[in-house]
Amino acid sequence: MNLIISALKKDDLYNKKIIEKIQQNINNVEIIYAEDMNIKGCIGCNRCWLVTPGVCTIKDDYEKLLIKFLQAKQVIFISDLKLGFVSYKLKNIIDRLLPLATMNVRFKNGQMRHHLRYKKHYKMGLIYKGNGNQEFLEKWLERVMINFAGTSIGTYNIENEEEILNELINY
């Protein structure tokens with residue numbers, strides 16, 4: 001399954017258009033709209049590591065989303081940019097990925113990294129709406145993926161439909 005998590009409103013014209021194009025060109029796509037979910041921010045309590053391994057202590061809609069992450073072949077996030085960075089809704093979702101890792105760490109390529117809880121190679125990409133520094137967003141997503149021993153599929157401006165479809169179809 002390919003998972004799209006959109007932090008844009010369902011009726012946003014760019015959002016509707018790109019999701020429709022992706023569904024026409026990629027099989028087995030599930031769409032989740034963050035606006036329909038109650039996802040709170042991570043409180044940094046570390047209970048998902050120490051008390052309830054792999055399970056967040058915050059009881060909201062995130063647990064359903066975490067299960068979808070584990071089932072997905074690749075995850076594409078769609079977000080508007082605020083001050084050149086992803087929206088708070090998407091940032092909350094990314095921050096709450098912590099239960100996918102354990103508190104055990106190791107050094108890899110001179111950097112400290114957490115061991116992953118599940119044997120899975122994550123592939124994630126970002127489609128963004130608004131003005132932002134493409135290079136910065138690419139680097140940010142690459143760093144996120146390093147933390148989860150995954151691969152960045154890349155970051156794309158929502159207006160570049162052809163580029164998005166060419167890249168996503170190749171993954």
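**Exercise 1. What percentage of the 171 residues in the chain is buried?**

Solution. Begin with the ground rules. This is a predicted model: local features need pLDDT of at least 70, side-chain atom pairs count only at pLDDT 80 or more, and totals for chains, interfaces and linings use all residues. Residues are numbered from 1 along each chain as its sequence is written, and side-chain values use heavy atoms, with hydrogens and water left out.

Next, take the cut-offs. Buried means under 20% relative accessible area, exposed means over 50%, and partly exposed lies in between (1.4 Å probe, protein chains only). By that rule, buried residues make up 44% of the 171.

**Exercise 2. Describe the overall fold and dimensions of the chain.**

Solution. Step one: list the elements. The chain holds six helices and eight strands. Helices (H or I, at least four residues) and strands (E, at least two) are DSSP runs, numbered from the N terminus. Along the sequence their order is β-α-β-α-α-β-β-α-β-β-β-α-β-α.

Step two: check the compactness. The radius of gyration is 16 Å, close to the 16 Å that the globule rule gives for 171 residues, so the chain is as compact as a globular protein of that length. The radius is taken over C-alpha atoms, and the rule is 2.2 Å times the number of residues to the power 0.38. The C-alpha atoms fill a box of roughly 45 × 35 × 35 Å along the principal axes.

Step three: look at contacts, meaning heavy atoms within 4.5 Å. Take contacts between residues at least 6 apart in sequence: 68% of them join residues at least 24 apart.

Step four: turn to the surface. The accessible surface is about 9200 Å², and 49% of it belongs to carbon and sulfur atoms. These areas come from the Shrake-Rupley method with a 1.4 Å probe; for residues, only the protein chains shown count as cover.

**Exercise 3. Trace the strand pairing around β3.**

Solution. Two strands pair if DSSP finds at least two bridges between them. Go through the partners in turn.

- β1: it runs parallel to β3, with five bridges. L3 stands opposite V75 in β3.
- β7: six bridges join it to β3, again in parallel. S79 has Y128 in β7 as its bridge partner.
- β4: it pairs with β3 in the antiparallel sense over two bridges. K82 is bridged to F85 in β4.

Now check the burial of β3. Eight of its nine residues are buried, so β3 is largely enclosed by the rest of the structure.

**Exercise 4. Which residues of helix α4 are buried, and what covers them?**

Solution. Helix α4 spans residues 88-95, and its buried residues are L90, N92, I93 and I94. Their cover includes β1 (2-6), α3 (62-71), β3 (74-82), β4 (85-86), β7 (123-129) and α5 (134-147).

Zoom in on I94. Its relative accessible area is 9%, so it is buried. Beyond residues up to four places away in sequence, I94 touches F77, W140 and V144. I94 and V144 are 50 residues apart along the chain, yet their C-alpha atoms are separated by 8.4 Å.

**Exercise 5. Examine two loop residues with positive phi.**

Solution. Start with L83. It lies in the loop between β3 and β4. Those strands form a hairpin with two residues between them. Phi of L83 is near 55°, a positive value in a residue other than glycine. With a relative accessible area of 93%, L83 is exposed.

Then take N109. It lies in the loop between β5 (101-108) and β6 (111-116). Its phi is positive, about 50°, although N109 is not a glycine. N109 is exposed, at 74% relative accessible area.

**Exercise 6. Place E161 and D61 in the structure.**

Solution. E161 lies in helix α6 (residues 161-170). Its relative accessibility is 19%, so E161 counts as buried. Leaving out residues up to four places away in sequence, E161 touches K17, I18 and K21.

D61 lies in the loop between α2 (47-50) and α3. Apart from neighbours within four places in sequence, D61 is in contact with D36, M37 and N38. D61 and I22 are 39 residues apart in sequence and 25 Å apart in space, C-alpha to C-alpha.
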